[in-house]
Amino acid sequence: MTTHAIPTADLRARLRDPDLFREAALIDGAWLSRADMEVTDPATGGTLGQMPDCTAAETEAAIAAAERAMGPWKARTHLERADLLLAWHRLMLDHADDLASILTAEQGKPLAEAKAEILYGASFVRWFAEEARRINGAVIPSPVPGKMLLAMKEPVGVCAIITPWNFPNAMIARKVAPGLAAGCTMVIKPSDFTPYSALALGVLAERAGIPKGVLNILTGRPEAIGATLTASPVVRKLSFTGSTRVGALLAGQCAPTLKKLSLELGGNAPFIVFDDADVDAAVEGAMASKFRNGGQTCVCANRVLVQSGIHDRFVAALAAKVDALKVGAGTKPGTMIGPMINAAAIAKIEAHVEDALARGATRVTRRRDLGARFADPVVLTGATPDMRLASEETFGPVAPIFRFETEDEALALANGTPFGLAAYFYTADMSRAFRFGAALEVGLVALNTGAVSHAEAPFGGVKASGLGREGAREGIEEYLETKAFHIGGLARIAGGA
Ligand code: SIN
């Protein structure tokens with residue numbers, strides 16, 4: 001333990017409701033406490049607390065609990081499930097400050113951003129509580145007389161939810177809320193870097209009255225838990241957010257039991273600024289997209305493409321904003337960028353910057369020595385497609401600027417990646433807006449805005465960025481099956497032949 005260590009008692013003491021901080025897994029309504037693994041504060045490296053490293057047998061127990069809970073949960077009316085979700089939503093808002101403190105402690109993002117994530121997460125719970133009442137099937141005109149055709153919606157069944165460390169609250173809410181609304185039960189595996197936000201949501205779910213077994217949370221290393229969840233024939237769906245490499249691995253593990261899959265995977269978002277763009281708005285959008293969560297988001301701008309005529313003005317304005325970013329512990333007032341999640345993240349960011357500089361890029365922002373846990377925010381000009389940061393997700397506060405001349409060139413650069421999650425572009429030309437937006441090979445297009453995340457809009461990617469959509473109307477469909485119901489003999493009842 002380092003001298004900066006924050007002992008568990010300190011985090012608990014910072015909470016208005018210390019009971020929200022649990023160092024235990026939740027299986028069938030029982031809290032299983034064991035100190036198998038430590039969770040650290042990314043800002044200091046100090047120990048925040050402990051957690052159980054759940055075994056394959058404990059994972060089987062959680063799956064069995066979810067299976068037992070499935071029948072009664074599915075049998076509740078949609079209105080009852082909606083009311084329970086609304087009660088959970090209310091508790092999230094009531095405890096938003098504590099949830100944000102837990103999130104900042106384990107993930108590192110500034111407190112204001114953590115609070116924004118809590119509200120973002122809660123917005124999915126409210127949205128899907130409302131959607132629960134609109135899970136309508138269909139009555140389909142029959143091609144033959146005396147027959148009626150129905151399409152009925154049913155919950156998929158027990159779902160496995162595997163979530164990342166970069167949004168420890170919102171990624172759970174975005175998956176669990178539609179699943180519960182649809183009538184599914186859940187076994188959740190949060191990242192082993194950030195389990196406490198998930199466990200706090202579990203406490204609030206219990207208080208909201210969500211029955212035992214409906215929502216189970218397993219902590220620990222991913223291998224045994226992931227392998228057991230994916231191999232189980234009882235688990236009918238996997239929803240995963242994380243890297244494309246792990247997503248493909250999990251999809252392979254799910255193949256023998258043919259599970260329904262939702263995969264929200266890696267990105268390599270282009271952020272394109274045309275000569276006719278409003279420069280101030282484009283810089284503001286670039287800051288929001290690139291530096292949210294210190295650049296540790298799947299949808300953040302990974303490559304900034306700027307047309308020649310506006311290049312120098314845009315670069316100067318962006319560099320000034322980046323030089324003004326305050327980097328430090330997320331708990332410190334005024335911090336705009338917190339620590340990176342771990343040493344491997346820092347090493348990758350530094351390797352991308354060094355590789356770009358070695359291949360001819362120029363650094364246009366000041367250099368700061370921030371120590372081993374923080375990444376120096378940087379703008380690089382002269383970026384080219386042969387650099388690592390052009391083809392790999394940097395997942396950090398690095399903005400490489402690629403200069404381009406024509407719209408065709410920008411489109412080729414934007415689409416020249418196996419990924420297809422988000423793309424941002426700034427232009428005042430409405431004809432180009434629709435032409436260019438339609439040609440982008442992504443699931444999320446942002447025109448003159450740096451934000452693509454709202455509960456109301458479908459979220460997800462194409463190509464190597466994944467399968468399925470979260471949020472919006474589409475998000476609940478991912479947790480539903482459609483059963484066709486063919487009813488014959490109606491002509492006789494109606495007095496026909
Ligand atoms: C992500 O980066 O995985 C999610 C970002 C978001 O929901 O805005």
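**Strand S10 and the largest pocket**

Good morning. In strand S10, Ser239 is the bridge partner of Ile161; helices (H or I, at least four residues) and strands (E, at least two) are DSSP runs, numbered from the N terminus. From S10 the chain crosses through H9 to S11, a right-handed β-α-β crossover. Right-handed means that, with the strands pointing away from the viewer, the path from the first strand over the helix to the second runs clockwise.

The model is predicted: local features need pLDDT of at least 70, side-chain atom pairs count only at pLDDT 80 or more, and totals for chains, interfaces and linings use all residues. Residues are numbered from 1 along each chain as its sequence is written, and side-chain values use heavy atoms, with hydrogens and water left out.

Strands S7 (residues 158–162) and S10 run parallel, joined by 5 bridges; two strands pair if DSSP finds at least two bridges between them. Another 5 bridges join S10 to S11 (residues 260–264), also in parallel, with Leu238 opposite Leu261. Because 6 of the 7 residues of S10 are buried (under 20% relative accessible area, 1.4 Å probe, protein chains only), S10 is largely enclosed by the rest of the structure.

I turn now to the largest pocket. A pocket is an open set of points on a 1 Å grid over the protein atoms alone, where a 1.4 Å probe fits, with protein on both sides within 12 Å along at least five of seven lines; lining residues have an atom within 4 Å of a point. S10 (235–241) and H9 (244–254) each supply at least two lining residues, and H9 gives the largest share, 6 residues. Thank you.

Key: Buried < 20%, exposed > 50% of the residue type's maximum accessible area, 1.4 Å probe, protein only.
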